[in-house]
Amino acid sequence: MTARTTPPPRICPNCDGFASAAITLGGRDWHGHLRTITAHCPACNGTGLARTRPTREGARA
């Protein structure tokens, strides 16, 4: 008997799983650190996974 496996999580189609990106602001602060901001994917809110709707068993299309 084979073991049941869970389906793999769906990757967000808008960001392809790369949900957060560090964007440089161009320049350095007085400590010498590169100034960056973090931008998150607005579709998945930075998780990298697409929302899935719960499917009802036996539902007709």
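Colleague: Let's start with Asp16: does this residue count as buried or exposed?
Modeller: Keep in mind that this is a predicted model. Asp16 sits in the segment before strand S1 (20–28), and its phi is near 55 degrees, a positive value in a residue other than glycine. Exposed means over 50% relative accessible area. Asp16 has 55% relative accessibility, so this residue counts as exposed.

Colleague: Which secondary structure elements does the protein chain have, helices or strands?
Modeller: Zero helices turn up here. What the protein chain does have is two strands.

Colleague: How do S1 and S2 run, parallel or antiparallel, and how many bridges join them?
Modeller: Take a couple of pairs to get a feel for it: Thr24 has Thr36 in S2 as its bridge partner, and Ala21 stands opposite Ala39 in S2. S1 and S2 run antiparallel, and the number of bridges joining them is six.

Colleague: And in the hairpin of S1 and S2, what phi does Gly32 take?
Modeller: The hairpin has five residues between the strands. Gly32 belongs to this hairpin, and its phi is positive, near 95 degrees.

Colleague: Where is Asn45, and is that residue buried or exposed?
Modeller: Look in the segment after strand S2 (34–40) for Asn45. Its phi is near 60 degrees, again a positive value in a residue other than glycine. The relative accessible area of Asn45 is 59%, and the cut-off for exposed is over 50%. So Asn45 is exposed.

Colleague: Which residues make the nonpolar surface patch of about 250 Å²?
Modeller: One member is Ile37, which lies in strand S2. Ile37 has 41% relative accessibility, so it counts as partly exposed. A patch residue needs over 30% relative accessible area. The patch is made by Ile23, Leu25 and Ile37.

Colleague: Which five residues form the largest nonpolar core?
Modeller: Cys41 is a handy way in. Leaving aside its neighbours within four places in sequence, Cys41 is in contact with Cys12, Asn14, Cys15, Ala19 and Gly46. The core itself consists of Cys12, Cys15, Ala19, Cys41 and Cys44.

Colleague: What share of the residues in the protein chain is buried?
Modeller: A residue needs under 20% relative accessible area to be buried. The protein chain has 61 residues, and the buried share is 10%.

Colleague: How much area does the protein chain expose, and what part of it do carbon and sulfur atoms supply?
Modeller: The exposed area comes to about 6000 Å². Of that, the part supplied by carbon and sulfur atoms is 54%.

Colleague: What distance separates the C-alpha atoms of Pro13 and Leu49?
Modeller: Pro13 is placed in the segment before S1, and at 58% relative accessibility it counts as exposed. Along the chain, Pro13 and Leu49 are 36 residues apart. Their C-alpha atoms are separated by 8.5 Å.

Colleague: One last thing: of the contacts with a separation of 6 or more, what share comes from residues 24 or more positions apart?
Modeller: Contact here means heavy atoms within 4.5 Å. In the protein chain, residues 24 or more positions apart account for a share of 47%.

Definitions and conventions. Residues are numbered from 1 along each chain as its sequence is written. This is a predicted model: local features need pLDDT of at least 70, side-chain atom pairs count only at pLDDT 80 or more; totals for chains, interfaces and linings use all residues. Side-chain values use heavy atoms; hydrogens and water are left out. Helices (H or I, at least four residues) and strands (E, at least two) are DSSP runs, numbered from the N terminus. Buried means under 20% relative accessible area, exposed over 50%, partly exposed in between (1.4 Å probe, protein chains only). Patches are made of residues with over 30% relative accessible area and no salt bridge: like charges are joined within 9 Å, nonpolar side chains (Val, Leu, Ile, Met, Phe, Trp, Tyr) within 5 Å. Accessible areas come from the Shrake-Rupley method with a 1.4 Å probe; for residues, only the protein chains shown count as cover. A salt bridge is a side-chain nitrogen of Lys or Arg within 4 Å of a carboxyl oxygen of Asp or Glu. A nonpolar core is a set of buried Ala, Val, Leu, Ile, Met, Phe, Trp, Tyr and Cys residues joined through side-chain atoms within 4.5 Å. Two strands pair if DSSP finds at least two bridges between them.
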